[in-house]
Amino acid sequence: MIELKGIAAAGGISIGPAHKVGSEEFVILREVVAWEDIPAQIQLFEEALIKTRREIIELQKRISLDMGQEEAQIFDAHLLVLEDRMLIEEVISRLKKEQLNVAYIFSEVLKKYISVFSKIEDEYLKERAADINDVGKRILRNLLGREKKGLGDVKEKVIIVAHDLSPSDTAAMHTKNVAAFVTNIGGKTSHTAIMAKSLEIPAVVGLEGITVKVNSGDILIVDGSMGIVIINPDEETLKDYQGRLEKLKGIAEKFLLVKDLAAVTTDGREVMINANIEFPDEVPSVKLHGSEGIGLYRTEFFYMNRSDSPSEDEHYHAYKYVAEEMSPHPVIIRTLDIGGDKFLSQFRIPHEMQPFLGWRAIRFCLARPDIFKLQLRAILRASVHGNLKLMYPMISGIEELQQANRLLSEAKEELTHKGLKFNDKIQVGVMIEVPSAAMTADILAKEADFFSIGTNDLIQYSLAVDRANEKVAYLYEPAHPAVLRLVKSIIDAAHQAKIKVAMCGEMAGDPSLALILLGLGLDEFSMPPQVIPELKYIIRAVGFKAAQKIANEAMKLSTGGQVEEFAQGKLAEIVK
Ligand code: PEP
Ligand code: MG
């Protein structure tokens, strides 16, 4: 039995046989072609391009129906590769010059392109190397007249094990026979992880060397919520997880019964349970899971997978749609948060030694008022269509908040000048995710309408643990006393100033910590939609006074491990 820890990409538990998917390699012979056969080779190439185009459009249509517009748009980049004149002309001119078979020439040109793109120090262009590889393999397959042995052919319910999965691979997984997937590489924001969430299957990524450690047919346990994969579990572990899975199924049914009820404790304290989204087309899932609003709309995903920036109108229509769909419930739009592990090539952010400590989020926006104000104007314009609020990420002190608010005032003036309507009283919140903001929460609270604690970053900055580095993942402890103390002091400062405090980092959706957060006085919890029913169930099962007692006791403990164990015990007493 081997247990591996990776990056939790999509929650849930699955148990099943592994199905290893190798990267598709072709043996391509180098053959000399007679001069008179060159036109036939060119025709072969053109037909392969047309066939590939048809396949991608077909796939795109299916994905758009099954998963939504946004996922389907990932393939726009593939279609662009097919239309790349430089690539096509290079193949044809080399074909004429070298008089070799087109499959060979194409594979050589492909290799050159991939190598050039993967060396570029720009995350967006690096990603394009994966697109070129993906679409290039399709063209080669069609040139060679091979059928794709895709994941769609899998007959039994399996767990896919791969070095990485391309968007086409993940899309082809839209089959009832894939129980989970695990990969060597990838991060939380990779295309693959985003798609896994939409598919609602567990996924763990960033498991260095899993393809070497696993053979097809091995039994795997995938715990996508914890980022754990167990290879060939012993009988005891298998039984333990089968028990957990059964319990999860039984409990999930219980949770679903309360999903549309208020999150109110047995002694009458009501909190709000909201959802986090990245794309507007997640709204139906948000409603389905009983959310009371959207507590975090991560707008930077809107800028991804495209080489230009969205226009003000594009922003406006996306926000208007979400505002109208969710109305009268609140929607908190988080302004652009790029940098860190999220790069957008259109902004040419230079390579930095420590991107998480660098030119990120509000720092970038304050330096680029053109980009920032465009988004602010769109949010303001959309604010008349529902209950929109906005919040700034990565605020580290009051001056940044004041500067951002000055730009907001300018954006308002610009709209007034143009005679466009907006909600002048739109609430403006501050994300508390930098320790200096947590420590000066009393000062920030004077000029903020609400707080939202971004624990994903607050934990990495306060414990000095890179949130995306699997080597130090064991130190990334939401239950660490330092984190609990910071959270408590933020909540106390907010309440002192009579403003509400939400939490939108992953910690807010951690069932074992829900009782402590409730007891500390958190007003709003925002999380991935799937966890909402469970959180509501927990809150409805406990009294506020009891939760306060649990929080007090937890605050006296010395380590994250102790807190975690204590909290799990209390939760087990309540959720039976
Ligand atoms: C956070 O840091 O907790 C947060 C919600 O923002 P993000 O995960 O997008 O950085
Ligand atoms: Mg953050």
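Is Arg381 buried or exposed? In this predicted model, Arg381 is buried, because its relative accessible area of 13% falls under the 20% limit.

**Arg381 and its surroundings**

Arg381 belongs to helix α14, which spans residues 369-382. Its side chain makes a polar contact with the side chain of Asp313, at 3.0 Å. Beyond its neighbours within four places in sequence, Arg381 is in contact with Glu312, Asp313, Tyr316, Leu415, Leu420, Lys421 and Phe422. Arg381 also takes part in a network of salt bridges that links Glu312, Asp313, Lys373, Arg377, Arg381, Glu410 and Glu414. Asp313 therefore appears in the polar contact of the buried Arg381 and in the network of salt bridges.

**Salt bridges**

Side chains of opposite charge can pair when their charged atoms come close. A search of the whole structure finds 29 salt bridges. Three of them are set out below.

| Salt bridge | N to O distance |
|---|---|
| Lys112 and Glu90 | 2.7 Å |
| Lys249 and Glu246 | 3.7 Å |
| Lys536 and Glu292 | 3.9 Å |

The salt bridge of Lys112 and Glu90 joins two helices: Lys112 lies in α5 (residues 102-119) and Glu90 in α4 (residues 85-98), so the pair ties together parts that are 22 residues apart in sequence. Lys112 counts as partly exposed because its relative accessibility is 41%, whereas Glu90 is buried because its relative accessible area is 19%, under the limit of 20%.

Lys249 and Glu246 belong to a single helix, α10 (residues 235-258); they are three residues apart, so about one helical turn separates them. With a relative accessibility of 49%, Lys249 counts as partly exposed, because exposed residues are those over 50%.

In the third pair, Lys536 and Glu292 meet through their side chains. This salt bridge links distant parts of the chain: Lys536 is in helix α21 (residues 532-540), Glu292 is in the loop between α11 (283-288) and β11, and the two are 244 residues apart. Both Lys536 and Glu292 are buried.

**Nonpolar cores**

The largest nonpolar core holds 111 residues, of which Tyr392, Phe451, Ile516 and Phe525 touch the most other members. Helix α19 supplies the largest share of this core, eight residues. Tyr392, not counting residues up to four places away in sequence, touches Thr335, Ile362, Phe372, Leu401, Ala404, Asn405, Leu408, Val428, Gly429, Val430 and Met431. Apart from this core lies another, of 50 residues, with Ala10, Val33, Val81 and Val109 among them.

**Helix α18**

Helix α18 (residues 455-463) is mostly covered, eight of its nine residues being buried. The buried residues are Thr455, Asn456, Asp457, Leu458, Ile459, Gln460, Tyr461 and Leu463. They pack against the strands β11 (294-298), β14 (428-432), β15 (450-453) and β16 (500-503), and against the helices α16 (435-439) and α19 (481-496). Helix α19 thus serves as a packing partner of α18 and is also the source of the largest share of the largest nonpolar core. After α18 comes Ala464, which has a positive phi, near 55 degrees.

Conventions: Residues numbered from 1 in each chain as written. Chains lettered and ligands numbered in written order. Predicted model: local features only at pLDDT ≥ 70, side-chain atom pairs only at ≥ 80, totals over all residues. Heavy atoms only, no water. Helix = DSSP H or I, 4+ residues; strand = E, 2+ residues; numbered from the N terminus. Buried < 20%, exposed > 50% of the residue type's maximum accessible area, 1.4 Å probe, protein only. Polar contact = N/O pair within 3.5 Å; in protein donor to acceptor, adjacent residues only side chain to side chain. Contact = heavy atoms within 4.5 Å. Core = buried A, V, L, I, M, F, W, Y, C linked by side-chain atoms within 4.5 Å. Salt bridge = Lys/Arg side-chain N within 4 Å of Asp/Glu carboxyl O.
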